[in-house]
Amino acid sequence: MDFTLPELPYAMDALEPVISRRTLEHHYGKHHAGYLTKLEAALANEDKSKSLEEIISQSYQQQNAAVFNSAAQVWNHTFYWHSMSAKPTEPSDERLKSLIEASFGSLDTLKEKLKASATGQFGSGWAWLVYSPGDKALKVTSTSDAETPLTSDLVPLLTIDVWEHAYYLDYQQDRPGYVDGFLDKLINWDFAAANLPA
Ligand code: MN3
C-alpha cells in the first residue's frame with residue numbers, strides 16, 4: 001500500500017461552520033496522519049505490497065491489534081472524509097432512493113436512526129450506513145474504536161466519526177450537536193450511492 005496521506009477532497013475550511021478548520025487540521029493532520037505513521041511502523045518487517053483492505057482483513061483474522069487498529073483507522077478516516085461534502089447533496093440516485101424508501105420508509109427516518117446510532121455509541125467509535133447483501137437492504141450500525149464493517153459482509157456507504165477528537169474542539173461534550181450538523185449539512189449522498197454494490 002501507499003503510505004502517503006490521501007488528500008482531503010476539499011479545503012480545510014470547506015466544512016465550516018459545522019466542522020471548523022481547526023478541527024479538520026487537527027483531525028486530518030494529526031490523528032489520521034498519526035494512524036498512518038503507526039501503521040507503517042507496525043508493518044516494518046512485513047510485506048508492504050498488500051492493499052490496505054488486505055492488511056485490515058488479515059490483521060483482523062490474526063487478531064493482531066497493533067496492525068488492525070492503525071490500518072482500520074486509516075481506512076475509516078479516508079472513508080469519513082469522503083462521506084462529507086462542501087456542497088452537500090440530496091439522494092438523487094434512483095436505486096439509493098428506493099433502497100432508503102424500502103429500508104426506512106423515509107430519509108428523515110434514516111437520519112433519525114443514524115443520529116440514534118451516532119449518539120448512542122458508548123465511547124469512541126463510528127456510526128455507519130451500510131448495505132446488507134443478505135437481505136438487499138440498507139441498515140444503520142455502529143462500531144467501537146477502530147472496528148469497521150469491512151470485516152463483515154456489510155458494505156459501508158457512509159460513516160460518522162464519533163470519537164471525541166472529531167468534534168470536541170467545536171462542540172465539547174455536545175456530540176448530538178455535531179451529529180445534527182453532519183446529518184443536515186454535510187452528507188455526500190453521491191458518495192453513498194457510488195458505494196452501492198452492483
Ligand atoms: Mn477520527
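What spacing do the donors of the manganese ion follow along the chain? I read it as H-x49-H-x83-D-x3-H.

**Entry 1: basis.** I am working from a predicted model, in which local features need pLDDT of at least 70, side-chain atom pairs count only at pLDDT 80 or more, and totals for chains, interfaces and linings use all residues. Residues are numbered from 1 along each chain as its sequence is written, and side-chain values use heavy atoms, with hydrogens and water left out.

**Entry 2: the metal site.** I looked up the protein donors of the manganese ion and found H27 (NE2), H77 (NE2), D161 (OD) and H165 (NE2), at 2.0 to 2.2 Å from the ion. Donors here are N, O and S atoms within 2.8 Å of the metal (3.2 Å for Na, K and Ca); water is not among the atoms, so the site may look incomplete. I checked exposure for two of the donors: D161 and H165 are both buried. Buried means under 20% relative accessible area, exposed over 50%, and partly exposed in between (1.4 Å probe, protein chains only).

**Entry 3: helix α3.** I placed V67 in helix α3, residues 65-83. Helices (H or I, at least four residues) and strands (E, at least two) are DSSP runs, numbered from the N terminus. V67 counts as buried because its relative accessibility is 5%. I also took its C-alpha to C-alpha distance to Y35, which is 9.9 Å, with the two positions 32 residues apart in sequence numbering.

**Entry 4: the acidic patch.** I noted a negative surface patch formed by E46, D47, E53 and E54. A patch takes residues with over 30% relative accessible area and no salt bridge, and joins like charges within 9 Å. A salt bridge is a side-chain nitrogen of Lys or Arg within 4 Å of a carboxyl oxygen of Asp or Glu. Of the patch members I followed up E53, which sits in helix α2, residues 52-61, and is partly exposed at 42% relative accessible area.

**Entry 5: backbone exceptions.** Most residues other than glycine have a negative phi, and most peptide bonds are trans. I found a cis peptide bond between E16 and P17, with omega about 5 degrees; P17 is in the segment before α1 (21-42). Q63 has a positive phi, near 50 degrees. I located Q63 in the loop between α2 and α3, where Q63 counts as exposed at 72% relative accessibility. For D145, too, phi is positive and near 50 degrees. D145 lies in the loop between β2 (137-144) and β3 (155-161) and counts as partly exposed, at 44% relative accessibility.

Definitions and conventions:
Patch = residues over 30% accessible without salt bridge, like charges linked within 9 Å, V, L, I, M, F, W, Y side chains within 5 Å. Areas by Shrake-Rupley, 256 points an atom, 1.4 Å probe, with all protein chains shown as cover. Lys, Arg positive; Asp, Glu negative; His and termini not counted. Charge placed at Lys NZ, Arg CZ, Asp CG, Glu CD.
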